[in-house]
Structures are given as C-alpha cells and as structure tokens.
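Open the model in your viewer and keep the sequence panel beside it. We will move from stop to stop, selecting as we go.

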Amino acid sequence: MKDFKPKAWMLPQPVLIIGTYNADGTPNAMNAAWGGQWDYEEIMISMGAHATTDNLNRCGDFTVAFATADTLAAADYVGLVSAKTHPDKMARAGWQHVDAAAVKAPVFTAFPMTLECRIKEKLYESETGYYIIAEIVNIVCDEKYLAADGKPDVEAMHLITFDPVHNGYIALGARVGNAFSDGNALKKMSVKRCFWANPKNPLYISYHDNEWGRPVHDDRKLLELLLLESFQAGLSWECILNKREAFREAFDGFDLDKILAYDDEKVASLLANPGIIRNKAKIAAAITNARVFKEIQAEYGSFDAYLCGMCPADVVYDHVSTTSPLSDALSADLRRRGMKFMGSTTVYAFLQSIGVINSHQPDCFLCAQQVNTNKHDT
C-alpha cells in the first residue's frame, strides 16, 4: 500500500452544470464537482466566487444538470471561463435552454435530466464563495431517457464523473447490481467463527472479529491486555470482556503512570468496585505488574521492543495448544522480573490476543484472512 498526502479524492465525483440567469435575463452555466446529497430532498454545492455566485445572490433559484459523454467538451468549457470575461460563453457552449417550470432558472435541453432547485441556506460565506444547501423543487427528465417503469434511466444517460486524481473525465459504466438487495446473500450467510466466540454476546463477537489475533504494538494497549489476562486467571475471558469497560474506568484507561501512583485509598476503591474482579491478590499484582512493565520500558525503550526481542518474526500457527516453549520462556522471564499471575497459560493467551500466535480454527472465517498472516508485524 502506498500513502499519499491528504487530498479531496472523493470518488466518484459528479460533473454538475449549474444554471442561473444573469442580471440581464440571459442564461449562464458553470461546472461544479464539489456537491452531493444533503438530505432526501436537498443538495449541497460548494460555490466559489463566480458570475453564478453573483446571480445566486440576486435570486436563489438555479438548476443542476448532469454532464454526459456527449456534452463533455462544452461542460468542461463552461468551467474554464467566466461570463464576467467571456460574454459569448453560452454561445460557444452551444446549449439551448427553456425556462424551468418551478424556479426562475434555465433548463439546458442538451442534458438528460435536470434538478430545479432553490437555496435554503448559505454556509461559511466569505469573499471566496460559500456552500449552499438547496431544496429540490422539481426534477425534469427528457422522455427519451425514461426506463420501462417510467423513471429516469440513469444507465442510458451516459453520465461522466470527474477524476480528481488525474484531472480527467470517466464515463460511468453499466449497471452491476441492485442496491438494498444484493447484500442480502451475505446478510443471510452463516459466518463460521472459532467455537468459543459466543454468538449471543455482541462484545465477544466484536472482540473475536476485530481484535483477537491482530498485531498490537502500542504499549498502552499491551498493558491493558496483559493486566486483563492476569485478572482472567481461573476465570473465563468472556467474564473479563463483559467487565472490560468497568476495568478501563477503574484503572484510569490503563494509564501506566497513574497506576504506578495508586495508594491504599485507590486500592480500597478498587476492592469496593462491583464492576471489576475484586480479588485483593490480583489487584495488588496488577500494580506490581505495571511497575515491572515500566522497568522493562526503561530497559528496552518500550514493552513492544522487549516482546519483539523475545518473539519470532513469523506468526506461530497453533489452534490446539494452551502453552508452548515460547510462552514458557516469556512467562519465566516476566516472573523472574517480579510479575504475578503470569503463568505460561496466561502468557500464551496474551500472545494469542496480540497476534504473535494465530489460533483461529481452520474453519473460522478469519483463519485465512488474518491481518499480517505471514509476519508478526514488527
């Protein structure tokens, strides 16, 4: 994947032709791409300082037509020049017009479909223009572009879209599917997950689908998972997961420095908190483990760097074991440094959670889709 600097590369972008009347009653048109739907019967368009803007300041009525392959050259032209400096602009474009039925603006007959609009609100007005929110008062469509059901046949219009990446125009292609319908097959499809992911617990499903087994390198997140695993000892992970938000609140978002400053009063409040596991030994161990975590950071620069030095670069695939030589070695080192409730089984579960060990079952939909399956992302 290649990164690019932030740019407004929204795809696809429309090619909108904004029609207004000049002060002398002659029609004017401009090309706009920065616009779209605002609500069910409203649109939004970004307007710069143009003759069209002056016209809209006099009268809030306008039309919006959609450029096609047949109108491409003229549509591009009306975006290149201003009626302020090119009074013959519309003559060169060659478009005929009629008065709109519902608003005081021109309808250019070269386009298959036109929205007749009226401004409801202007936003962020300045010398360089403004954004307009407009209601759609009426829609007119050339009858030769009507489908069998009597509605506009968008596919037959040969509309074009603006390519902001290469400053080009691209013809929209053929119909490829049906909205609000084609996704039903996936909606009804049964997703196979690891057997332990309780389908009746949304928290568990979300954790399995979006977190478990995905590489983690942020020390704060590593601390959270490590301490939560220590609280799990002798309990189920589902029990811990159900209390996770309460743990986060109780342990100050797992802010390491705040945990290291816990005093007897704070410990007493943790022991009285019904939202977490109120085990005196485990709460004391969490504070001790945080201290060792801090010492490892000081020695290696980060806890993540420590783990990367202990763990292989390649992901370990194993959906059967609950311990391994790797978890044995890491557990022994952490306990040697002073951590508590860090047996090999607990450490193994921790390594599974952060993507060092991939334990998704072979029939789980994530087994083959696991993020960074070839390497433990370092």
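Which residues in α11 meet which residues in α12? Select both helices and look: F293, I296, Q297 and Y300 in α11 meet F303, A305 and Y306 in α12. Contact here means heavy atoms within 4.5 Å. Helices (H or I, at least four residues) and strands (E, at least two) are DSSP runs, numbered from the N terminus.

Before going on, note that this is a predicted model: local features need pLDDT of at least 70, side-chain atom pairs count only at pLDDT 80 or more, and totals for chains, interfaces and linings use all residues. Residues are numbered from 1 along each chain as its sequence is written, and side-chain values use heavy atoms, with hydrogens and water left out.

**The crossing**

Stay with this pair. The axes of α11 and α12 come within 7 Å and cross at roughly 75 degrees. Axes are lines fitted to C-alpha atoms, for helices over the stretch in contact, and angles run from 0 to 180 degrees between N-to-C directions. The two helices are therefore roughly perpendicular (65 to 115 degrees).

**Helix α13**

Next, select residues 325-337, helix α13. At 1.5 Å a residue, its 13 residues should span 18 Å (1.5 Å times one less than the number of residues). The end C-alpha atoms are 18 Å apart, which agrees.

Now colour L326, S327, L330, S331, D333, L334 and R337: they are buried (under 20% relative accessible area, 1.4 Å probe, protein chains only). Look down the axis of α13: the buried residues fall within an arc of 165 degrees, so they line one face. That arc is taken from the directions from the helix axis to the C-beta atoms. An α-helix has 3.6 residues a turn, so residues three or four places apart point the same way.

What covers the buried residues of α13? The cover includes α11 (280-300), α12 (303-310) and α14 (344-353). Turn to the face away from the buried side to find P325 and R336, which are exposed (over 50%). Just after α13 comes G338, whose phi is positive, near 120 degrees.

**S344**

Select S344, in helix α14. S344 is buried, with a relative accessible area of 15%. Leaving aside neighbours within four places in sequence, S344 is in contact with T322, T323, S324, S327, D328 and S331.

**The sheet**

Last, show the open sheet of three strands, in the order β1-β11-β12, with antiparallel pairing. Two strands pair if DSSP finds at least two bridges between them. The edge strands are β1 (13-14) and β12 (168-171), each pairing on one side only. Two bridges join β1 to β11 (residues 160-163). Pick P14: its bridge partner in β11 is T161.

Notes. Angles under 35 degrees count as roughly parallel, over 145 as roughly antiparallel, 65 to 115 as roughly perpendicular and the rest as oblique.
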